[in-house]
Amino acid sequence: MSEPEVIMEALHVCKSYPASDGRWLRANEDVSLQLVKGKTLGLVGESGCGKSTFMRFLVALDRPDSGQILYRGQDITALRGEKLRQTRRHIQMVFQDPGASFNPKMRVRDIVCEPLLNFGLIAPKERAAVCRSLLEMVELPGDFEDRYPHSMSGGQRQRVAIARALALQPEILILDEATSSVDTRTEIEIQKAMDNLMKGRTSFVIAHRLSTIRDADLILVMKDGDIIEQGRHEELLAAGGFYANLYNSQFEDVVA
Ligand code: ADP
Ligand code: MG
């Protein structure tokens, strides 16, 4: 077997925010992890434990106080301008509430193709056709290219956001799963689209519903900004620790 190819790596990442009581809140505490080519990494933990904070560093939307974020060996926290823009192209992210960031006046074809237009990779007249093929990947009908965001369900908007993230054929796909509850059918729709997309792709998924990352190649468990457990779903369940508690309490919620 060949060595796993590490595409992205975080080394000793720390971040604190000033808290309302005048003290400092440590949102990320010495976080290190690796994204391996073709593998799905999952991140779970209670709300407020520091998941989204960390994720923003991977796409250089924010910088850690200390530590490194390496993409193919290069520290992206030091990149600026055009170099940063070119790197971002390879690392695309779907935010927690992607629908909220859509411009309500833009049609789906403009939303989905915006990254391609920005990088000059397609001409405006190609939008509709390109959009249709991207929508197909997330199992949305082609005629959605003509729609506005307000006329879609939450699950459909989520899939439009995924189609947009895929437009640049990124090497790494990062997903911060929506916290807002969706109905079971929508959840299944999103899950199906995500499963298809993550197959063979290097991805990093922050999951709120643990069902989302059951099949991840490796799951990291975060608590108070620190990675406290890691393993595959079955291993973590068998270990009977924090992940197992989290999983069992979610399951009880569903049953209750
Ligand atoms: P998660 O995504 O796991 O729910 P976050 O990374 O969003 O958690 O937040 C981690 C902690 O950092 C929380 O206590 C949150 O209130 C705090 N935090 C996040 N962003 C900021 C910010 N920009 N300013 C101040 N505190 C923040
Ligand atoms: Mg979050």
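## Strands 7 and 8

In strand 8, Ile 206 is the bridge partner of Asp 176. Strand 7 (residues 172–176) and strand 8 (residues 202–206) run parallel and are joined by five bridges. Strands here are DSSP runs of E with at least two residues, helices are runs of H or I with at least four, and both are numbered from the N terminus. Two strands pair if DSSP finds at least two bridges between them.

## Basis of the model

This is a predicted model, in which local features need pLDDT of at least 70, side-chain atom pairs count only at pLDDT 80 or more, and totals for chains, interfaces and linings use all residues. Residues are numbered from 1 along each chain as its sequence is written, chains are lettered from A and ligands numbered from 1 in the order in which they are written, and side-chain values use heavy atoms, with hydrogens and water left out.

## The six-stranded sheet

Strands 7 and 8 belong to an open sheet of six strands with mixed pairing and the order 6-7-8-3-9-10. Its edge strands, strand 6 (91–94) and strand 10 (226–231), each pair on one side only. From one strand to the next the twist averages 20°.

Strand 9 (residues 218–223) runs antiparallel to strand 10, with five bridges between them. Ile 219 stands opposite Gly 231 of strand 10. The two strands form a hairpin with two residues between them, and Asp 224 in the turn has a positive phi of about 45°.

Two helices lie across strands of this sheet. Helix 5 (residues 154–166) lies across strand 6 and strand 7, at about 175° to strand 6. Helix 6 (residues 184–198) lies across strand 3 (40–44), strand 7 and strand 8, at about 150° to strand 8. Contact means heavy atoms within 4.5 Å. Axes are lines fitted to C-alpha atoms, for helices over the stretch in contact, and angles run from 0 to 180 degrees between N-to-C directions.

## The four-stranded sheet

A further open sheet has four strands in the order 2-1-4-5, with antiparallel pairing. Strand 2 and strand 5 are at the edges with a single partner strand each, so one side of each has no neighbour in the sheet. Helix 1 packs on this sheet and touches strand 1, strand 2 and strand 4; its direction makes about 130° with that of strand 1.

Strand 1 (residues 6–18) is joined to strand 4 (residues 66–71) by five bridges. The bridge partner of Ala 10 in strand 4 is Ile 69, and that of Met 8 is Tyr 71. Two bridges join strand 4 to strand 5 (residues 74–75), and Leu 70 stands opposite Asp 75 of strand 5. Strand 4 and strand 5 form a hairpin with two residues between them, where Arg 72 in the turn has a positive phi of about 50°.

## Around ligand 1

The residues around ligand 1 (a heavy atom within 4 Å) include Tyr 17, Glu 46, Lys 51 and Arg 56. Strand 2 (24–36) and helix 1 (51–58) each supply at least two residues of this shell. Helix 1 gives the largest share, four residues.

Oxygen atoms of ligand 1 make polar contacts (N or O pairs within 3.5 Å). One is 2.7 Å from a polar backbone atom of Gly 48, and one is 3.3 Å from a backbone N or O atom of Cys 49. At Thr 53, a side-chain N or O atom is 2.6 Å from an oxygen atom of the ligand. The protein covers 62% of the 560 Å² of accessible area that ligand 1 has on its own, by the Shrake-Rupley method with a 1.4 Å probe.

Methods. A polar contact is a pair of N or O atoms within 3.5 Å; within protein, one must be able to donate a hydrogen and the other to accept it, and residues adjacent in sequence count only if both atoms are side-chain atoms.
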